[in-house]
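Colleague: Please take one part of this model and examine it closely, then follow its surroundings outward as far as the structure allows. I should like a connected account rather than a list.

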Amino acid sequence: MATIAELHVQLVGHTAFSSPEDVPWKTDGAPASQLVEFAGRACYETWDKPNPHTATNAAYVRHILDVGHLTVLEHASATMYLRGVSRSCAAEIMRHRHFSFSQLSQRYVPTHEARVVVPEHIKKDSHLTDLFLRSADLAHQVYEELLEGMDGEQVGVDKETTKTRSSGANAVLRAKQARQAARAVLPNCAETRFVMTGNLRSWRHFIAMRAAEHADPEIRRIAVTCLRQLKEIAPEVFDDFSITTLRDGGNMATSPYVSET
């Protein structure tokens, strides 16, 4: 039976900040938020904080959101490593072109087992879940048979369990060619893994779009999970997003600020 892949999102990198020693300015807040404020103040060199209403980092960032001066958010970034994401959901995420992505290659990495992401609506029903997993098993079986048929052997199976007739570069090329053809039968629910990097402005837009109530449940869960981690590294930039629970038990996030289109 196919294995259900669980979502795992891990923050693996984010912006650090070191204020220039010759700039007469200090602030509070998280490093990423400090960089946002520094970039904004650099435009006017308001190092002495003449406006008491924007004297703290949180107040300054909130002012930036109020006036829509969002370009300064682009100086800070965050990188997530996502696992347990369906191929169909990954395709939707990667439509956000201001991010950088590095995704697991199905051409080079053989699919040893049927690891799939089951949609929440199907997962609620045990009979539908069983039907879904059996379908994934069948697709994976065909995948393995195609690999074997194209190379005349079990290409892509663990090297300890099979011996190949080919060797060297030719074997690597044949295995890649077989996998790139056989992957066509793998379902949209097949698990993928990828690294996702974006600046804080892009992350805000992604969350506003994908953590909304009517977003696809899988991508909404991913967006909310990312938001929780972004709040830890840059609370001043993301604390305006409120996370609430929906009737189906899932979560959504909203902000009082109008999202960019």
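Modeller: If residues up to four places away in sequence are not counted, P235 touches A30 and L230. The model is a predicted one, and P235 has its place in helix α9, which covers residues 235-238. With a relative accessibility of 21%, P235 counts as partly exposed, because the buried class is reserved for values under 20%. P235 also comes within 7.9 Å of S33, C-alpha to C-alpha, although 202 residues separate the two in sequence.

S33 leads on to a pair of helices. Helix α1 (residues 31-42) packs against helix α2 (residues 57-67) at an angle of about 65°, and their axes are 10 Å apart. S33 is one of the α1 residues that make this contact, along with Q34, V36, E37, G40 and R41. From α2, the contributing residues are N57, Y60, V61 and I64. The crossing of α1 past α2 is left-handed.

The loop between these helices deserves a remark on its backbone. Most residues other than glycine have a negative phi. E45, in the loop between α1 and α2, departs from this with a positive phi near 55°. K49, found in the loop between α1 and α2 as well, has a positive phi of about 50° although it is not a glycine. E45 is exposed, at a relative accessible area of 56%, whereas K49 is partly exposed, at 23%.

The next element to consider is the sheet. Its four strands form an open sheet in the order β2-β3-β6-β4, with antiparallel pairing. The edges are formed by β2 (8-14) and β4 (100-103), each of which pairs on one side only. From one strand to the next, the twist averages 20°. Between β2 and β3 (residues 77-86), which run antiparallel, there are six bridges; H8, for example, has R83 of β3 as its bridge partner. Helix α8 (residues 217-233) packs on the sheet, where it touches β2 and β3, and its direction makes about 150° with that of β3.

A second helix also lies on these strands. Helix α7 (residues 200-210) lies across β3 and β6 (191-199), at about 125° to β6. At its N-terminal end, α7 is capped by N199, with a side-chain oxygen 3.0 Å from the backbone nitrogen of R201. The buried residues of α7 are L200, S202, W203, R204, F206, I207 and R210.

R210, which lies in helix α7, merits closer attention. The "active site" annotation in the unreviewed UniProt entry covers R210. R210 is classed as buried because its relative accessible area is 13%, under the 20% limit. Apart from its neighbours within four places in sequence, R210 is in contact with E92, R95, H96, A215, I219, R220 and A223. With H96 there is a polar contact between side chains, at 2.9 Å.

R210 also appears in a second record. The "binding site" annotation of the unreviewed UniProt entry covers E92, I93, M94, R95, Q103, L104, S105, Q106, R107, R183 and R210. These residues span 119 positions in sequence, and the farthest two C-alpha atoms are 29.0 Å apart, so the annotated residues do not all gather at one spot. E92 and R95, both in this annotation, are among the contacts of R210.

Two further annotated residues may be described individually. Q103 has its place in strand β4 and is partly exposed, with a relative accessible area of 30%. Beyond its neighbours within four places in sequence, Q103 is in contact with R87, A90, M94, T192, R193 and F194; of these, M94 is covered by the "binding site" annotation. R107, by contrast, is found in the loop between β4 and β5 (115-116). R107 counts as partly exposed, at 26% relative accessibility. Not counting residues up to four places away in sequence, R107 touches K176, R179, Q180 and R183, and R183 is likewise covered by that annotation.

Key
Residues are numbered from 1 along each chain as its sequence is written. This is a predicted model: local features need pLDDT of at least 70, side-chain atom pairs count only at pLDDT 80 or more; totals for chains, interfaces and linings use all residues. Side-chain values use heavy atoms; hydrogens and water are left out. Two strands pair if DSSP finds at least two bridges between them. Helices (H or I, at least four residues) and strands (E, at least two) are DSSP runs, numbered from the N terminus. Axes are lines fitted to C-alpha atoms, for helices over the stretch in contact, and angles run from 0 to 180 degrees between N-to-C directions. Contact means heavy atoms within 4.5 Å. UniProt positions are given in the numbering used here, feature names are shortened, and annotations may be inferred rather than shown by experiment. Buried means under 20% relative accessible area, exposed over 50%, partly exposed in between (1.4 Å probe, protein chains only). A polar contact is a pair of N or O atoms within 3.5 Å; within protein, one must be able to donate a hydrogen and the other to accept it, and residues adjacent in sequence count only if both atoms are side-chain atoms. A crossing is left-handed if the near helix is turned anticlockwise from the far one by less than a right angle, and right-handed if clockwise.
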